[in-house]
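Welcome to a short set of exercises with worked solutions. Please keep the model open beside you and try each task before reading on.

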Amino acid sequence: MATVQDIEIRDSAARAAQAVEEAADIHGEKLVLNMGPSHPATHGVLRIVLELDGEVITKADPDVGYLHRGDEKIAENMTYTQFIPYTDRLDYLAPLANNVAYALAVEKLLGIHDKLPPRCQYIRVMCAELARISSHLLGLGAFAMDTGAVTVFLLTFTEREKIYNIAEAASGARLTNSYTRIGGLMRDVPPNWVDMIRVFLKEFAVALDEANTLLTRNRIWVDRLRDLAVVSKEMAIDYGLSGPNLRGSGVEFDLRKNQPYLCYKDLDFDIAVGSTGDCYDRYLVRMEEMKLSMRILEQCCNKIPGGVENKSHEPVSIPDGKITLPSKQKVLSSMEELIHQFMLVTEGVNCPPGEVYFGHENPKGELGFYINSKGGGTPYRLKIRAPSFINLSILGELLPGCMISDVPVVLGSLDFVMGESDR
Amino acid sequence: MSALESANKIKAKFGDLVAEPTEFRGEITVTIAAAEKIFDVCQFAKRSLGFDYLVDICSVDNYGEDPRWTVIYHLRGVASGHELRLKTNVSEEKSELPSVLPIWRTANWHEREVYDLMGIRFSGHSDLRRILMWEGYPYHPLRKDFPLAGKPTDLPGVAFTKVTPMEGGPFVTLPSSSDSMAREPRVRVPEGAEPAVSDQRLIDGKLK
């Protein structure tokens, strides 16, 4: 039996009308997704409220402050020296660099930042560069792991352990170093310290090469990073980005070069600059910066005043009893030194009234301290310009248009730390 | 053009509004008498003097003095490397000055931070919310009259004012065939509204 069936063949206009109808159905409602504050890819406690259309982000609102401890308030209530341990806890991946930044800011207020003993300057530069390598290694390891390349993480953490050993030899602590003092250092480095760094540099060159081989030309890595979250030159400056994030966008600005402090003037180094400002460029800039830090460290190892063992007894602190503590021997045998020691411990370093801002090229960007002093041993107001905080403020503009799976990549490429962002 | 020359240009342009630039440790500070002019000064500094990078916005509480607030802007020209500090005073009654967000987008979070911790408002800021403290927190902790030990907040529904309730579970979704709103223990019931019977069961803490 033959049956008759009606078949409706619609013309193209009708088909288009139907497609529009269906599409409206698919788009429907937008989904709001809370990412964090406890998410492995947020490297701490960052919360981002994402508005999603399917898998595409249409709006992003970063929410910071989960780690706020009121460091600026605390600083107003203690002496300058007492605040040094708090700086360890800002960017806890590079405490040595924070110590150097803070000490230099207070020394600028005192007007002695360019009169530091040369050995102190070299040791401080070496500390800052070791911290830079350490911080970039963690940033790279976590970045790669979030993107699926776990091996790199193991590799970089092995190397970071060695930097902790070096920091421990100098300061006695592995993480919270508090190695600097106002006007110098806590103590001189041990005699084998420079050799420790030389051995580390040799081993680290191999490891960095291996990480380079694993990632830089890795097809998956490049595909996920390239052309993602592009920050143009103008946008980077407008948003106040600093450090590798600013240089990744092609802005040639590095405080070590543009406003040289310590002994950076005597050292030969370049600055790494990206071209397009995508995630891949920011990654490349960090890789290159580690190599440049190695070069700076090598030069410092060779040029450090007093040599490896400091047989000529080069000082590491300004020999001024009103700024740095005198030796214990002298305190117990001389009246004047005893008075100095008493005054420094009870009232702190007597700073002049005035206001200064000092910006230090930290691994994460420009860590600045603004100190407003009314004279005496405590700051009236201390403001911390935290690079992570400012680098994060661009997220609201950067994330819309990305897929949700891109979020860990963008976050990893910005390399922030919440301890510093929230202060 | 050095930073001092830039400061003098600002002085020449705005005249009596701007005090003589001061120098301390090689840093140039320019004080602007009228806070409501800060937008114009910043715009002039960016457009005509090349200060395209806003390093920082910071506030100081001169407690016991009038005007009480000082707001400080750190500017930098990326190409020239020059830095300039602009300062302006705001009285406590007013506690408001124009936002520089249209000039530098980085001002967004800086101004939110100043508002959050010091309680100075920025007119023209499109999204002036708290940033480090949580929404609904009643104080501005960086003010000098806020005690270092902090103040307890007893606002209902604000995080961290009470010990986390360990009782009153279950805190997991219940297995049942009802819809997710009914199964979700932390279901949001609008204040004053009578919770549904299924929610009541969960809020009371025990399965009936």
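Which residue in S7(A) does A:His360 stand opposite? A:His360 stands opposite A:Leu367.

A word on conventions before we continue. This is a predicted model, in which local features need pLDDT of at least 70, side-chain atom pairs count only at pLDDT 80 or more, and totals for chains, interfaces and linings use all residues. Residues are numbered from 1 along each chain as its sequence is written, while chains are lettered from A and ligands numbered from 1 in the order in which they are written.

**Exercise 1. Describe the surroundings of S7(A).**

Step 1. Helices (H or I, at least four residues) and strands (E, at least two) are DSSP runs, numbered from the N terminus. Two strands pair if DSSP finds at least two bridges between them.

Step 2. Look at one neighbour, strand S6 (residues 351-362) of chain A: eleven bridges link S6(A) to S7(A) in the antiparallel sense. Two residues lie between these strands, which form a hairpin.

Step 3. Now turn to strand S8 (residues 381-385) of chain A, which runs antiparallel to S7(A) with five bridges. A:Ile371 and A:Leu382 stand opposite each other here, and the hairpin joining S7(A) to S8(A) goes through four residues.

Step 4. Check burial: a residue is buried if 20 or more other C-beta atoms, placed from the backbone, lie within 10 Å of its own, exposed if 12 or fewer, and partly exposed in between. Nine of the twelve residues of S7(A) (residues 365-376) are buried, so the strand is largely enclosed by the rest of the structure.

**Exercise 2. Work out how H4(A) and H5(A) pack.**

Step 1. Helix H4 (residues 95-110) and helix H5 (residues 118-146) of chain A have axes 7 Å apart and pack at an angle of about 140 degrees. Axes are lines fitted to C-alpha atoms, for helices over the stretch in contact, and angles run from 0 to 180 degrees between N-to-C directions.

Step 2. Angles under 35 degrees count as roughly parallel, over 145 as roughly antiparallel, 65 to 115 as roughly perpendicular and the rest as oblique. H4(A) and H5(A) are therefore oblique to each other.

Step 3. List the contact (C-beta atoms, placed from the backbone, within 7 Å). H4(A) contributes A:Leu96, A:Ala97 and A:Val100, and among the residues from H5(A) are A:Cys127 and A:Leu130.

**Exercise 3. Sort the two faces of S2(B) and find its partners.**

Step 1. In a regular strand the side chains alternate between the two faces of the sheet.

Step 2. In strand S2 (residues 27-32) of chain B, the covered face holds B:Ile28, B:Val30 and B:Ile32, and the uncovered one B:Glu27, B:Thr29 and B:Thr31.

Step 3. Three bridges pair S2(B) with strand S1 (residues 22-24) of chain B in the antiparallel sense, and B:Ile28 is the bridge partner of B:Glu23. In their hairpin, B:Arg25 takes a positive phi near 55 degrees.

Step 4. Strand S5 (residues 83-90) of chain B runs parallel to S2(B), with four bridges; B:Lys87 stands opposite B:Thr31.

**Exercise 4. Characterise the side of chain B that touches chain A.**

Step 1. In chain B, 25 residues are in contact with 32 residues of chain A.

Step 2. On this side of chain B, S3(B) gives the largest share, six residues.

Methods: Contact = placed C-beta atoms within 7 Å.
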